[in-house]
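Okay, thanks for coming, everyone. I'll put the structure up and then talk through a few spots on the surface.

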Amino acid sequence: MNGAAPKNVAKADARASTRRYFRRLSGYYLWFTLCFGLFLGALGILEKEGMPRQWIGHLYMFATIVLYATIGVVSRTSNVSEYYVAGRRVPALFNGMATAADWISAASFISLAGTLYLHGFDALAYVMGWTGGYCLVALLIAPYLRKFAQYTIPDFLAVRYGGGGDGTDRRGNRCARWPSAPPSWCPSPTWWRRSTPSA
Amino acid sequence: MPTDTALPDHDPDLRRARIVAERTRHWRRARRLVAGLLVLWLATSFCTVFFARDLAHLSVFGWPLSFYLAAQGASLIYLAIIGGYAWRMRVLDREYTRRLGDAA
């Protein structure tokens with residue numbers, strides 16, 4: 001009973017801080033969206049006023065790079081976990097938005113429309129391919145990547161199948177290479193058995 | 001489980017056995033969920049394309065079914081698969097944590 005009360009308090013505290021963080025992040029995102037809209041509007045006005053197209057293009061490119069560089073400098077870190085996964089603090093909603101932004105990336109806008117126009121029905125394989133592939137990642141890899149606290153798929157495979165535990169031993173490194181070299185590991189069941197944990 | 005209260009909770013072997021049992025149960029349910037969703041995934045991505053000609057005479061919103069599925073339906077089904085997985089795993093994880101708290 002004595003141990004349960006502080007645990008509950010700590011849990012409530014953590015939840016409150018998560019909510020605060022969520023609100024702050026929402027504020028940042030709103031500000032960013034607002035400023036981006038204003039920037040686009042300003043560019044539109046400038047175009048109407050007769051600013052050359054090329055300058056507009058350069059301005060857009062330059063502003064984007066400066067913005068990203070600023071964000072990078074402001075939130076610089078030498079912590080690996082902070083660098084790769086933002087300390088695992090980003091709420092699911094924002095992570096989902098980032099994933100969606102990746103999904104609807106420049107490739108979709110620039111090349112997919114043209115590919116569809118050129119190839120018709122067959123080009124829909126691209127759409128199905130990368131969304132369906134995302135399903136496989138979400139079901140088979142992502143949860144375990146998170147559970148194993150790894151940053152990349154090779155890291156995860158090294159820890160899961162390496163047998164060394166920390167994934168830095170020689171066997172782990174060799175395992176991490178096997179997705180890129182299927183012919184060398186497929187026909188060797190003895191090697192497979194040796195490198196699979198016997199639990 | 002009324003019988004559990006009669007058992008001595010401080011026995012470490014028993015506790016470990018219970019935790020292992022909970023873990024096995026959770027893992028089995030998660031695996032079954034993933035297997036089911038993967039079957040749905042295979043049906044969506046392979047069967048609708050492989051049997052596209054047979055499905056073409058059915059129409060959805062004025063489009064042939066196979067075309068609709070490839071252009072929009074499959075993506076929506078994939079989205080539903082991911083959403084369903086996330087939702088169901090949340091439920092399973094919560095239940096697992098709760099039962100583990102009971103067991104430990």
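Before I point at anything, one bit of vocabulary: when I say patch, I mean residues with over 30% relative accessible area and no salt bridge, where like charges are joined within 9 Å and nonpolar side chains within 5 Å. And keep in mind that this is a predicted model.

So, the charged patch. Which residues form the positive surface patch? They are K11(A), R15(A), R19(A), R20(A), R23(A), R90(B) and R94(B). Two helices each supply at least two of the patch residues, namely α1 of chain A, covering 4–48, and α3 of chain B, covering 65–103. The most comes from α1(A), with five residues. Take R15(A) as an example: this arginine sits in helix α1 of chain A. Buried or exposed, what do we call R15(A)? Its relative accessible area is 51%, so R15(A) counts as exposed, the cut-off being over 50%.

Okay, let me zoom out to chain A. Its secondary structure is 10 helices and zero strands, so to speak an α-only list when you read the elements from the N terminus. The chain has 199 residues, and 17% of them count as buried. Its accessible surface is about 14,900 Å², with 65% of that belonging to carbon and sulfur atoms. For the contact people: take contacts in chain A between residues at least 6 apart in sequence, and 33% of those join residues at least 24 apart.

Now the nonpolar side of things. F32(A), F36(A), L40(A), Y60(A), L67(A), Y68(A) and I71(A) make a nonpolar surface patch of about 650 Å². The elements giving two or more residues here are α1 and α2 of chain A, with α2 running 53–74. The largest share is from α2(A), at four residues. I71(A) is in that helix, α2 of chain A, and at a relative accessible area of 42% I71(A) is partly exposed.

On to salt bridges. How many are there over all chains? The count comes to six. In chain A, R53(A) pairs with E47(A), with the closest N and O atoms 2.9 Å apart. R53(A) is exposed at 66% relative accessible area, while E47(A) is partly exposed at 37%. Then there's R89(A) with E82(A), where the closest N and O atoms are 2.7 Å apart. Both of these partners are partly exposed, R89(A) at 41% and E82(A) at 31%.

Over in chain B, R25(B) bridges to E95(B), closest N and O atoms 3.5 Å apart. R25(B) lies in helix α1 of chain B, residues 12–50, and E95(B) in helix α3 of chain B, so this pair ties together parts that are 70 residues apart in sequence. Salt bridges with shared partners also join R25(B), R29(B) and E95(B) into one network.

Last thing, backbone angles. Most residues other than glycine have a negative phi. A149(A) has a positive one, near 55 degrees. A149(A) is in the loop between α6 (124–147) and α7 (153–162) of chain A, and is partly exposed at 42% relative accessibility. F61(B) also has a positive phi, near 50 degrees. Where is F61(B)? In the loop between β1 (59–60) and β2 (63–64) of chain B, and with a relative accessible area of 68%, F61(B) is exposed.

That's my tour, thanks.

Notes. Residues numbered from 1 in each chain as written. Chains lettered and ligands numbered in written order. Predicted model: local features only at pLDDT ≥ 70, side-chain atom pairs only at ≥ 80, totals over all residues. Heavy atoms only, no water. Areas by Shrake-Rupley, 256 points an atom, 1.4 Å probe, with all protein chains shown as cover. Salt bridge = Lys/Arg side-chain N within 4 Å of Asp/Glu carboxyl O. Lys, Arg positive; Asp, Glu negative; His and termini not counted. Charge placed at Lys NZ, Arg CZ, Asp CG, Glu CD. Buried < 20%, exposed > 50% of the residue type's maximum accessible area, 1.4 Å probe, protein only. Contact = heavy atoms within 4.5 Å.
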